[in-house]
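Please find below my notes on the model, set out as numbered points. They go from the overall fold to helix packing, the aromatic residues and two individual positions.

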Amino acid sequence: MSTRAVHATHPMSTAQPSALSLGTGRRVLRATALAATLPYLTLKAAWLAGSRVGIPEDSILLRGGTTLAVGNAVTVAMDACVILLVLVLTRPWGRRIPGWLLTVPVFVATGLLTPIVLGYPSQLLVKALGTGAGEAVRAAREPFLEPWVFAVVYTGFIIQAMALAGLFVPYARERWGRRWQGALGRRLPSPTGVVAGAAALAGAAVASAQVYWAFGGRGGLSAEAAAVYSAETGVVSGAHAVCAVAAAAGALVLARGGALPARWPLALTWTGSAAALSWGAWMLTAALGVNLGEGEYPTTATLLAYAGQMITGLLAGAVLVRYLHGRREA
């Protein structure tokens, strides 16, 4: 996402903002985002150092060995990147970072955090309504982490997501506002329309599978996953279905063009494609590369679902890039 054309037509976009230009709101968001990384980083650092805080005695995590240690190190680095993103979005030198070098990690962060923002509060609501996991389901689950760990970590992730969005949107408006403000404009070229159609088909297939699982369908799940199904796991599948639909719908609207304000389909496509691609890739990598328990190998259906999420995200993301590229040339 080069900024040369924008700079050529909008000289003021090259101005380097001072720390004072942030305003109180962005300063608060910066401090909030940085503070929200501490619980996760602290826990991960403790586990890497050998601590078992928050891990039950018979947890499957204790069988992870080197694989788990590597995974913890990778996720520490990923959350530490949030700190770097916050600084890029709020310091004068951040404007000198190439556009693609900023948008790629923001895209990934959007993708990984969005299903948590949608899913975790929904799980809390399900529990509050008394329709959460029953005693039989809880008994069937292998011990993993203490409940308070999820509350602390996921709350931190949600705060990070909100703060990053609050920082990135005004940053993007100032740096690339010409590309996503105004109406959609002309229809994208036919090949891009074909890609958008393929994204819609893939997204519909993924969403159908996720909705089926969200409402209690057991087909295609492993015996272990079927045994621990509850409304709490169902809302997570529902969140992934929503993201797949958002990616598909946003790509179709972008390809079609028209007089609709561009920011809404862009937001749908960005968020949906990021979530579908990032979570699909994350879950597929974990399913193929990590097996902490006996007999917990993924089924063909779940692997296809993860691959379908990746395909949906890639296709919708391609439409998004083509649209933004066209805006640069306009």
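1. Helices and strands are taken here as DSSP runs, of at least four residues for a helix and at least two for a strand, and are numbered from the N terminus. With that in mind, glutamate 57 can be placed in the loop between helix H3 (38–48) and helix H4 (65–90). Please keep in view throughout that this is a predicted model.

2. On the overall make-up, the chain contains 12 helices and 2 strands, and its elements follow the order α-α-α-α-α-α-α-β-α-α-α-β-α-α from the N terminus on. Of the 330 residues in the chain, 42% are buried.

3. To return to the loop residue, glutamate 57 is exposed, because its relative accessibility of 64% is over the 50% cut-off. Its C-alpha atom is separated by 9.7 Å from that of leucine 145, although the two residues are 88 apart along the chain.

4. How do the two helices on either side of this loop run with respect to each other, roughly parallel or roughly antiparallel? The axes of H3 and H4 come within 10 Å and cross at roughly 155°, which makes H3 roughly antiparallel to H4, since angles over 145 degrees are counted in that way. The crossing of H3 and H4 is left-handed.

5. A second helix pair is made by H5 (residues 99–128) and H7, whose axes come within 9 Å and cross at roughly 140°. H5 is therefore oblique to H7, and the crossing of H5 with H7 is left-handed. The residues of this contact divide into 18 nonpolar, 3 polar and 1 charged.

6. The structure holds 9 aromatic pairs. One of them joins tyrosine 154 and phenylalanine 157, whose ring centres lie 6.3 Å apart with 40° between the planes, and this pair is tilted. These two residues are 3 residues apart in helix H7 (residues 147–180), so they are separated by about one helical turn. Tyrosine 154 is partly exposed at 26% relative accessibility, whereas phenylalanine 157, with a relative accessible area of 12%, is buried.

7. What geometry does the pair of tyrosine 171 and tryptophan 176 have, stacked or edge-to-face? The ring centres of tyrosine 171 and tryptophan 176 are 5.9 Å apart and the planes stand at 70°, so the pair is edge-to-face, given that angles over 60 degrees are classed in this way. Tyrosine 171 is buried, with a relative accessible area of 2%, and tryptophan 176 also counts as buried, at 4% relative accessibility. In addition, the charged end of arginine 95 sits over the ring of tyrosine 171, at 5.2 Å from the centre of that ring.

8. Beyond individual pairs, one aromatic cluster is formed by Tyr40, Tyr120, Phe144, Phe150, Tyr154 and Phe157. The tilted pair of tyrosine 154 and phenylalanine 157 described above thus has both of its residues listed in this cluster.

9. Finally, glycine 326 is found in helix H12 (residues 300–329). Is this glycine buried or exposed? With a relative accessible area of 11%, glycine 326 is buried, because values under 20% are assigned to that class. The C-alpha atoms of glycine 326 and arginine 186 are separated by 9.9 Å, while the two residues are 140 apart along the chain.

Definitions and conventions. Residues are numbered from 1 along each chain as its sequence is written. This is a predicted model: local features need pLDDT of at least 70, side-chain atom pairs count only at pLDDT 80 or more; totals for chains, interfaces and linings use all residues. Side-chain values use heavy atoms; hydrogens and water are left out. Rings of Phe, Tyr and Trp (its six-membered ring) pair if their centres lie within 6.5 Å; planes under 30 degrees apart count as stacked, over 60 as edge-to-face and the rest as tilted. Buried means under 20% relative accessible area, exposed over 50%, partly exposed in between (1.4 Å probe, protein chains only). A charge sits over a ring if NZ of Lys or CZ of Arg is within 6 Å of the ring centre and within 35 degrees of the ring normal. Axes are lines fitted to C-alpha atoms, for helices over the stretch in contact, and angles run from 0 to 180 degrees between N-to-C directions. Angles under 35 degrees count as roughly parallel, over 145 as roughly antiparallel, 65 to 115 as roughly perpendicular and the rest as oblique. A crossing is left-handed if the near helix is turned anticlockwise from the far one by less than a right angle, and right-handed if clockwise. Ala, Val, Leu, Ile, Met, Phe, Trp, Tyr, Cys and Pro count as nonpolar, Asp, Glu, Lys and Arg as charged, and the others, Gly among them, as polar.
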